[in-house]
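Thank you all for coming; I would like to walk through one structure today, going from its enclosed spaces to one helix and then to its open pockets. Please keep the sequence and the model in view while I talk.

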Amino acid sequence: MINFERFVLANGLKVIVHKDTSTPIVAVNILYNVGARDEDPERTGFAHLFEHLMFGGSKNIPLYDEPLQIAGGENNAFTNSDITNYYLTLPKQNIETAFWLESDRMAGLAFSKKSLDVQRNVVSEEFKQSYLNQPYGDVYLLLKPLAYKVHPYQWNTIGKVLSHIQTASMAEVKAFFKKFYCPNNAIMVVAGDVNTNEIKKLSEKWFGPIPKGRINNRKLSPEPVQTKARKKTVVRNVPSDAIYKAYHCTSRLDKEYYTVDLLSDILSNGKSSRFFQQLLMKKKLFSEINAYQSGDLDKGLFIISGKLSDGVEMEKAENAIINELEKIKKDLVKEVELKKVKNKIESTLIFSEISVLNKAMNLAFAELMGDAQMANTEIDRYNAVNPKMIQQQAIDIFKESNCSTLYYKAKK
């Protein structure tokens with residue numbers, strides 16, 4: 001159980017405080033409610049670019065990392081389709097350093113031409129190295145636009161194409177910052193040996209003067225129901241053939257999310273999972289195979305990815321996957337099999353609550369979903385799932401008319 005208190009500043013910044021006296025380290029997590037889905041289709045990759053730009057210096061602090069390191073702190077950030085998340089840890093006696101750093105870059109980045117040029121180059125190199133020049137690196141650049149035709153999940157966090165970031169103007173970048181990086185579009189969580197009154201004072205002092213931004217009401221077009229199988233074949237210079245099957249499924253906000261998460265674990269979490277036992281060990285069709293749901297805040301994907309063993313035909317491998325999916329649609333999962341994956345998830349969730357940083361992140365994301373208290377009810381939601389619910393989700397999701405398949409063939 002993660003105990004917490006919350007308050008909201010006049011400018012709309014939501015603040016959550018979790019007291020943990022077991023550690024001298026304090027975690028400060030700031031979640032901005034902006035991700036790749038909020039980008040202009042002709043200007044993608046901006047949320048990810050800002051993950052980098054936010055470390056490029058602000059009005060009063062030319063180098064973000066330097067004062068934090070002097071204070072004994074560490075930091076990082078990540079971006080996905082839905083959020084951009086910045087986090088740091090430091091000794092509790094230096095906590096005000098975190099407020100100073102984070103408020104200054106929220107109040108105003110330096111926006112120097114040098115910083116933009118540097119970070120543009122960094123992101124461009126990341127695009128080339130991780131997506132264009134790496135074996136299987138372009139899979140999701142191909143699979144997502146195959147699965148999504150309307151919703152902005154059709155592009156990756158890195159962006160659709162390299163040119164969108166390479167040609168981004170200073171005016172466009174400033175406009176994106178002004179729209180999304182404001183107190184009323186953020187959630188701050190402070191976790192550690194702190195008290196709420198102290199955090200209130202620091203929040204008012206450092207973040208209170210920052211003006212609120214305009215309210216951004218998302219009006220994203222929902223993805224139409226897919227009614228026909230989609231297929232794409234590419235040939236690449238990779239070690240082995242691979243197959244990727246993407247089925248439309250639930251969103252992170254749906255109550256069925258927990259059922260689908262357990263369904264993916266039954267299929268592929270660990271050496272006792274069905275895919276591992278049947279397709280890898282017994283039939284030796286794959287060298288590796290995985291199943292997972294994307295967990296997006298809008299309707300996401302249930303993805304099955306497998307690298308084929310040498311000499312295995314693509315059709316045979318795909319039919320074997322479909323056969324396993326048909327089994328889970330036809331026959332109820334045994335309670336013992338379901339209990340095993342529930343226990344794994346429960347231990348993972350409990351273990352994640354050891355770290356103050358993980359707790360801060362979990363509270364921030366739960367608050368974004370509607371209520372930070374959701375961080376305390378995850379285990380109950382998983383435990384409420386029964387075999388019939390697993391079967392129903394399998395029936396609803398695993399239809400080939402609901403599937404986009406990428407055949408990724410190795411150059412002979």
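Let me begin with the lining of the largest cavity, whose residues divide into two nonpolar, three polar and five charged. In that count, Ala, Val, Leu, Ile, Met, Phe, Trp, Tyr, Cys and Pro are taken as nonpolar, Asp, Glu, Lys and Arg as charged, and the others, Gly among them, as polar. Before I go further, please note that this is a predicted model, in which local features need pLDDT of at least 70 and side-chain atom pairs count only at pLDDT 80 or more, while totals for chains, interfaces and linings use all residues. Residues are numbered from 1 along each chain as its sequence is written, and side-chain values use heavy atoms, with hydrogens and water left out.

I should also say what the words mean: on a 1 Å grid over the protein atoms alone, a cavity is a set of points where a 1.4 Å probe fits but cannot get out, whereas a pocket is an open set with protein on both sides within 12 Å along at least five of seven lines, and lining residues have an atom within 4 Å of a point. Grid points are joined across faces, edges and corners, and a volume is the space filled by probe spheres set on the points.

How many cavities of 30 Å³ or more are there? The count comes to two. The largest holds about 50 Å³ of space, and its lining is made of D265, I266, N269, S272, S273, R274, E337, K340, V341 and K344. Two elements, α9 (257-268) and α12 (335-352), give two or more residues to this lining, and the largest share, four residues, comes from α12. These names follow DSSP runs numbered from the N terminus, with helices (H or I) of at least four residues and strands (E) of at least two.

The second largest cavity holds about 30 Å³, and L53, G56, G57, L109, A110, F111, S112 and S115 line it. Its lining divides into four nonpolar, four polar and no charged residues. F111, one of these lining residues, is found in the loop between α3 (95-107) and α4 (113-132), and its phi is near 50°, a positive value in a residue other than glycine.

Now let us turn to α12 itself. Its 18 residues should span 26 Å at 1.5 Å a residue, and its end C-alpha atoms are 26 Å apart, which agrees; the expected span is 1.5 Å times one less than the number of residues. Which residues of α12 are buried? They are E337, L338, V341, K342, I345 and S352, and they cover an arc of only 130° around the axis, which puts them on the same side of α12. Here the arc is that of the directions from the helix axis to the C-beta atoms, and buried means under 20% relative accessible area, exposed over 50%, and partly exposed in between (1.4 Å probe, protein chains only). An α-helix has 3.6 residues a turn, so residues three or four places apart point the same way.

On the other side of α12, E335, V336 and F351 are exposed. The cover over the buried residues includes α9, α10 (274-282), α13 (356-369), α14 (378-383) and α15 (387-397). E337 is a good residue to pause on: its relative accessible area is 17%, so it counts as buried, and, leaving aside its neighbours within four places in sequence, it is in contact (heavy atoms within 4.5 Å) with I266 and R274. E337, I266 and R274 are also among the residues that line the largest cavity.

Finally, the pockets. The largest pocket has a volume of about 1,200 Å³ and is lined by 48 residues, of which R252, Y257, S294, G295 and F365 lie nearest its centre. α13 gives the most to this lining, with six residues, and by class the lining has 23 nonpolar, 17 polar and eight charged residues.

The second largest pocket has a volume of about 520 Å³, and of the 22 residues that line it, the closest to its centre are V225, H248, C249, K299 and N402. Here α15 gives the most, with three residues, and the lining has eight nonpolar, eight polar and six charged residues.
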